[in-house]
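Colleague: Thanks for sitting down with me. Could you walk me through this one, and tell me how each label is justified?

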Amino acid sequence: MSLSSQLRSESLAKTLELGSALGILLQPSDVVLLSGDLGAGKTHFTKGIVKGMGIKNEVTSPTFNILVQYEDSEGTLALNHFDLYRLEAEEELDDIDYFGHLEEDAVQVVEWGDKFAGALPEDYLNIDFVVIDEQERILRIDAHGPRSSVLLKEWLGETTR
Ligand SMILES: Nc1ncnc2c1ncn2[C@@H]1O[C@H](COP(=O)(O)OP(=O)(O)OP(=O)(O)O)[C@@H](O)[C@H]1O
Ligand SMILES: [Mg+2]
């Protein structure tokens, strides 16, 4: 089962808004993979997700950390934010216990999450960011699996109203 759609962002503010609208809908164990060009807006979109989830922590780019974890106000793990950009081989995923973390009861957001074909999760929303010009981005969205298809329909319902 695979469902596709496309959204347009004409500004950074719009990207934050789209992320926030998705963040409101996300439940623990949902997986969102973010792919596309360098500097396309994946980290800022994640910042929107964090806002939508009601987490107060600041997002810093996890490029040098690979994984940044966010807790909710009760101190419970709420979001794992990965950035696989700096990993060179699929085996390195084991060094960071990628699959162990994916099983944690938290929302999972993975920048460059489509990098290793053998490491794709079972059910995930993939958002491919395409840079059109300085301000404009196209988000190409594919839902892989039943849960992410429901999520995509809900998200589109929120954003196209
Ligand atoms: N419509 C837009 N949506 C998102 N970012 C935009 C938009 N227009 C301009 N920008 C700018 O593009 C940059 C996006 O940076 P960001 O770190 O979010 O990209 P990224 O995809 O995470 O990059 P990387 O692959 O290096 O992690 C920011 O400087 C932001 O201000
Ligand atoms: Mg980034």
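Modeller: Gladly. This is a predicted model. Let's start at ligand 1, which is surrounded by 18 residues, the closest being Thr15, Gly41, Lys42, Thr43 and His44.

Colleague: What makes a residue count as near the ligand?

Modeller: The C-beta atom, placed from the backbone, has to lie within 6 Å of the ligand. By class, the shell around ligand 1 comes to 10 polar, 4 nonpolar and 4 charged residues.

Colleague: Which helices each supply at least two residues of that shell?

Modeller: Helix H1, residues 12–25, and helix H2, residues 42–52.

Colleague: Why are H1 and H2 called oblique to each other?

Modeller: Their axes cross at roughly 45° and come within 6 Å. Angles under 35 degrees count as roughly parallel and 65 to 115 as roughly perpendicular. The angle falls in neither range, so H1 and H2 are oblique to each other. H1 passes H2 in a right-handed crossing.

Colleague: What residue classes make up the contact of H1 with H2?

Modeller: The contact residues divide into 9 nonpolar, 8 polar and 3 charged. On the H1 side they include Leu12, Thr15 and Leu16, and on the H2 side His44, Phe45 and Thr46 are among them. Thr15 and His44 also belong to the closest residues around ligand 1.

Colleague: Why is the pair H1 and H5 called oblique?

Modeller: H1 packs against helix H5, residues 146–159, at about 130°, with the axes 9 Å apart. Roughly perpendicular ends at 115 degrees and roughly antiparallel needs over 145, so H1 and H5 count as oblique to each other. The crossing of H1 and H5 is right-handed.

Colleague: Which residues of H1 and H5 meet?

Modeller: Leu18, Ala21, Leu22 and Leu25 in H1 meet Leu151, Glu154, Trp155, Glu158 and Thr159 in H5. That contact has 6 nonpolar, 1 polar and 2 charged residues.

Colleague: How do you know that the radius of gyration agrees with a compact globule?

Modeller: For 161 residues, a compact globule would have a radius of gyration near 15 Å, and the protein has 15 Å, so the two agree. The C-alpha atoms fill a box of roughly 40 × 35 × 35 Å along the principal axes.

Colleague: And what is the order of the elements from the N terminus?

Modeller: They run β-α-β-α-β-β-α-α-β-β-β-α, with 5 helices and 7 strands in the protein.

Notes:
Residues are numbered from 1 along each chain as its sequence is written. Chains are lettered from A and ligands numbered from 1 in the order in which they are written. This is a predicted model: local features need pLDDT of at least 70, side-chain atom pairs count only at pLDDT 80 or more; totals for chains, interfaces and linings use all residues. Helices (H or I, at least four residues) and strands (E, at least two) are DSSP runs, numbered from the N terminus. Ala, Val, Leu, Ile, Met, Phe, Trp, Tyr, Cys and Pro count as nonpolar, Asp, Glu, Lys and Arg as charged, and the others, Gly among them, as polar. Axes are lines fitted to C-alpha atoms, for helices over the stretch in contact, and angles run from 0 to 180 degrees between N-to-C directions. A crossing is left-handed if the near helix is turned anticlockwise from the far one by less than a right angle, and right-handed if clockwise. Two residues are in contact if their C-beta atoms, placed from the backbone, lie within 7 Å. The radius of gyration is taken over C-alpha atoms; the globule rule is 2.2 Å times the number of residues to the power 0.38.
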